[in-house]
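Q: Please go through this two-chain model and say, for each label, what value stands behind it and what cut-off was applied.

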Amino acid sequence: MSVVGKDMPHDSAVGHVSGESIYIDDMPSAKNELLVDFVGSPVACGHIKSVDYSEALKIKGVVACYTYKDLPGINKFGPIIQDEVLLCEDHSSFIGEPIVVIAAETRKALAKAKKAVKLVVEELEPALSIDAAIKKQDFLDKTYRIARGDAERVLKEAKHKLEGTCIIGGQEHFYLESQAALVVPGEYDQLVVHSSTQHPSEIQQVLAKVLGLQQNQVVVVTKRMGGGFGGKESQATHPAGMAALVALKTKRPARIIYTKDDDMKFTGKRHPFQNNFQVAFDDNGRILALKAHLYADGGAAADLSTAVLGRAITHIDNAYYIEHADVVGQICKTNYPPTTAFRGFGGPQGVATIESIVQDIAAYLKKDPLDVRLANLYGTTERNTTHYGQLLKHNTLPQLFEEVVGSSDYRNRRKLVDKFNSESRTHLKGLALTPVKFGISFTNTMLNQANALVNIYLDGTIQVSTGATEMGQGVNTNIKMLVADEFSIDPKCVIVMTTSTEKNNNTSATAASSATDLNGSAAVNACQKIKRSMAEVAARHFDRVETGIGAFPDRIVFADGHIYDERRPHNKLKWQELVAMSYRERVSLGERGYYATQGIGFDWSKGQGSPFLYFTCGCCVAEVVIDRFTGQMKVERVDILMDIGKSINPGINRGQVVGGFVQGMGWVTNEELKYSDKGALLSYSPTTYKIPNIQDIPAALHCNFIDNPNNTVNVRGSKAVGEPPLLLGLAVWAAVKDALVYAGKGQVPKLNLPATGEEILMRLTELKKTTLAVKSKGKEPAKIS
Amino acid sequence: MAEKNREDSSDMQRRADKAGGVTRRSFLRHLGAAGIAAAALPGGANSKDMTSEEKTLDTVVPIAGAMPVTLVINKKKHALKVDPRTTLLDCIRENLAITGTKKGCDHGQCGACTVHVNGRRVNSCLTLAVMHDGDEITTIEGLGQPDNLHPLQSAFIDCDAYQCGYCTSGQLMSAAALLNEPCGHSVDDIREAMSGNICRCGAYPNIIAAIQQVRAKA
Ligand code: FES
Ligand code: FES
């Protein structure tokens, strides 16, 4: 009886549909609970001259106001570089950066108090674009570089060259549950922090630091999140920190729930990028050399930007072998909330760049972009080393291409699109196939470790605790299935417990798609330790009841809720019997498991290494139709094919793939962040910021998986699926770009990301007006944006 | 920082009154007699003496400015006194601690707060609790319970029609209302009817499948 590989409902299924699932805002309030909110910087860059909250304190129900001066610890932290503050000191560096924390007994008092706080802030000149930061040469951290071969020389000698800039927008996470924390103070300044976070250990570490506590005084608990997508990794520290400050000072429980508007306005988003490139290629469109300079908008603090940039640089090859590559990246410091992790983590921006380049090459050579992709695709036996030196093992990309081209009927549909575009005067169609090859593991090798606690109770039921946090992606269900399978018992006997730093210490974020890989492996390790001891008990038992077989734990089998010696399979112990027997024999029925990914490593000083344990790959074919007069675009059909190894739970994985694709499609089409010239977010609600709606889902959406039993390096042969499908959304953007080629008649069209209706219309209009001179060898490279 | 000594609330009120500010109590006076009368105040309420009126109100209506309202939620009657500015959503979640209904945007833009009022779906963040005196309200808790799930709830489980679950109660309440609306049978009709409920996890295809499953059986 194995459950791994079968569909099993999400472990919160019944809770979700009945409304019983508890999120932080649903937790009952204590009688003396305080509500917490904050007053932030009114300007994007300012010198704080005075802060006066005396009037706020006079309001009935207001209990306390705090500024950085009240922080008992060190007001400086950051997940990679320590450059962030919990509360502004004399400088503010983005609109809404918290300055005053307010605690009140009622929501109304809180709202009044916010208005009563008087700030005098001198407005300084902010940097509100990547260009502005480049002009000031204001970068966060150093310049990162990965290079192979001699791109400079090849570019000089090549017959065909293109150069340009890819402009890539950010993205709001828009988790439905806003940032939230509830902090309950205990004895001796100990705090229990319920936080809607993907990274309880980071919250614990930061809170201890800013509050002047020891880490062991802070317990961070995460039951579940109403969505995270990367936005509750480092960005969850501010809300938790402010509530914790109140709880510590007032000795009363303190809760903070951001309003959706504030959450959108004041928390960090996906990094916008502006990537300059020069590419050289041959007549077949095969890329000979690529030079790229990536500029990421890091916002006001480093946050996770260096790691995000690292992933962009290591994913700019996507599925293509680039013999001569020189990729450089820098993080621009601007006056926006620090940009942060978001599903894909820089990967999408790297991949968008190369996919845009491939579309350009095809347009320039007047080829089907699919053929250019095939000419560049990583091979299985040669041309299979990335620009940073990692060998692709068991490369399934060629297989994925072949199968999806067939199943989507790509070649035939290309002809139909050609025909449609030559006939229709009102609409344009575009078709594109984009692949993804996503490296699995944290690029910071240190983070690839996890621990797990497995406890078996006397009735045979099990509690598992790991550092993984549940945000809907189904990690708890996966772990439950893995644990049930280790003992070969009914998954109903297993509960995955609330994540807490009390049980699992120094955990990594639930991020990089790796939660099941790492935490699942650690849980399996714990199970195996317990099984070893239990097998000894069983072996002794069978030796007693079956004469002459001796006690051989290696011969003990756990199957279908029973345990037996494989030489005497008729004589079985029930799982519960063996549990009770083990207890009587004083054998530990609880273990801690540990897992550290082996065989990975990367050296940034050389830009070389094998940072990833394996790659999750996939392809997506998208077809779009565009109204030539309005620019309005609709996605008509999507075919997704992925290699996710041996799926632990195909139903949950399918949901992740489709959901990831939809989120990626939103990023590349409608999700546009608009700011005022002062740096205030204007599109801060669902009316102005359009995430995909049910009506945006393509009428035909096919999602399939290939069989791949070869990923033996990972738990049960599975592959991580959280982030990779998001990058498949780029097929929609590439299809729009493809459509523009038809409109441009020989021009290489420009297209920024996202391709909103407005952007498309602008490009269509532009194509009517301009022509592009096709340059060849010896001349200047053709400029395309 | 300065932590304030907790003041006696009556001191507080007196000071506000003296300052001539609009307090909740004066707001209530502006609301007129109807609201107060409905509170069925004992005799003292008619007294012209300001002090005694305040006293009476304080005893009868402990929340300053609160208005009485009777809501029938999931077939259970709740006689409440709420601040007239309280949304139905906050009333359900906070005053009554029935938390299956979620707050996403609080502006009528996401559908997470969808409940039924007299059988019709409503964004509970967009309507005030006091406007629903006597109304029959159904929340997700009333749609079905873990041991007695509504067919749609079971179908949502069959079709994995959620991930994080935060939009789910709203989706289900919308879907349940749709079953009784003159909604066509095509996928497009369902999309149209469900377009007020957004799901960031992107579970839309599964949500459509779940609704279709139930409608096919009906
Ligand atoms: S919370 Fe009511 S519609 Fe969003
Ligand atoms: S399930 Fe997460 S928002 Fe819909």
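Q: Why is Lys745(A) called exposed or buried?
A: Lys745(A) has 9 other C-beta atoms within 10 Å. A residue is exposed if 12 or fewer other C-beta atoms lie within 10 Å of its own, buried if 20 or more do, and partly exposed in between, with C-beta atoms placed from the backbone. Lys745(A) is therefore exposed.

Q: What should be known about the source and the numbering?
A: This is a predicted model, in which local features need pLDDT of at least 70 and side-chain atom pairs count only at pLDDT 80 or more, while totals for chains, interfaces and linings use all residues. Residues are numbered from 1 along each chain as its sequence is written, and chains are lettered from A and ligands numbered from 1 in the order in which they are written.

Q: Where does Lys745(A) lie, and what is notable about its phi?
A: Lys745(A) is in the loop between H19 and H20 of chain A; helices (H or I, at least four residues) and strands (E, at least two) are DSSP runs numbered from the N terminus. Phi of Lys745(A) is near 45°, a positive value in a residue other than glycine. Most residues other than glycine have a negative phi, and most peptide bonds are trans.

Q: What makes the bond from Leu753(A) to Pro754(A) cis or trans?
A: Omega of this peptide bond is near 10°, and the bond is cis. Pro754(A) is found in the loop between helix H19 (730-744) and helix H20 (757-769) of chain A.

Q: What is the phi of Asp160(B), and is this residue buried or exposed?
A: Phi of Asp160(B) is near 50°, again positive in a residue other than glycine. Asp160(B) has 26 other C-beta atoms within 10 Å, so it is buried. The residue lies in the loop between H7 and H8 of chain B.

Q: Why is strand S11 of chain A described as largely enclosed?
A: Four of the five residues of S11(A) (residues 218-222) are buried, so the strand is largely enclosed by the rest of the structure.

Q: How do you know which strands pair with S11(A)?
A: Two strands pair if DSSP finds at least two bridges between them. Strand S10 (residues 191-195) of chain A has four bridges to S11(A), and the two run parallel; Val192(A) has Val219(A) as its bridge partner. Strand S20 (residues 499-500) of chain A has two bridges to S11(A) and runs antiparallel to it, with Thr222(A) opposite Thr499(A).

Q: What makes the crossover from S10(A) to S11(A) right-handed or left-handed?
A: A crossover is right-handed if, with the strands pointing away from the viewer, the path from the first strand over the helix to the second runs clockwise. The β-α-β path from S10(A) through helix H6 (residues 200-211) of chain A to S11(A) is right-handed.

Q: Why does Leu207(A) count as buried or exposed?
A: Leu207(A), in helix H6 of chain A, has 29 C-beta neighbours inside 10 Å and therefore counts as buried. Beyond its neighbours within four places in sequence, Leu207(A) is in contact (C-beta atoms, placed from the backbone, within 7 Å) with Val193(A), Val218(A), Ala240(A), Gly241(A) and Ala244(A).

Q: How is the packing of H10 and H11 of chain A described?
A: The axes of helix H10 (residues 347-365) and helix H11 (residues 369-376) of chain A come within 8 Å and cross at roughly 115°. Axes are lines fitted to C-alpha atoms, for helices over the stretch in contact, and angles run from 0 to 180 degrees between N-to-C directions.

Q: How many residues does each chain give to the contact between chains A and B?
A: In chain B, 48 residues are in contact with 54 residues of chain A. The chain B side divides into 23 nonpolar, 17 polar and eight charged residues. Here Ala, Val, Leu, Ile, Met, Phe, Trp, Tyr, Cys and Pro count as nonpolar, Asp, Glu, Lys and Arg as charged, and the others, Gly among them, as polar.

Q: Which strands of the chain B sheet are edge strands, and why?
A: Five strands of chain B form an open, mixed sheet in the order S3-S2-S6-S4-S5. Strand S3 (76-82) and strand S5 (120-123) of chain B are the edge strands: each pairs on one side only.

Definitions and conventions. Two residues are in contact if their C-beta atoms, placed from the backbone, lie within 7 Å.
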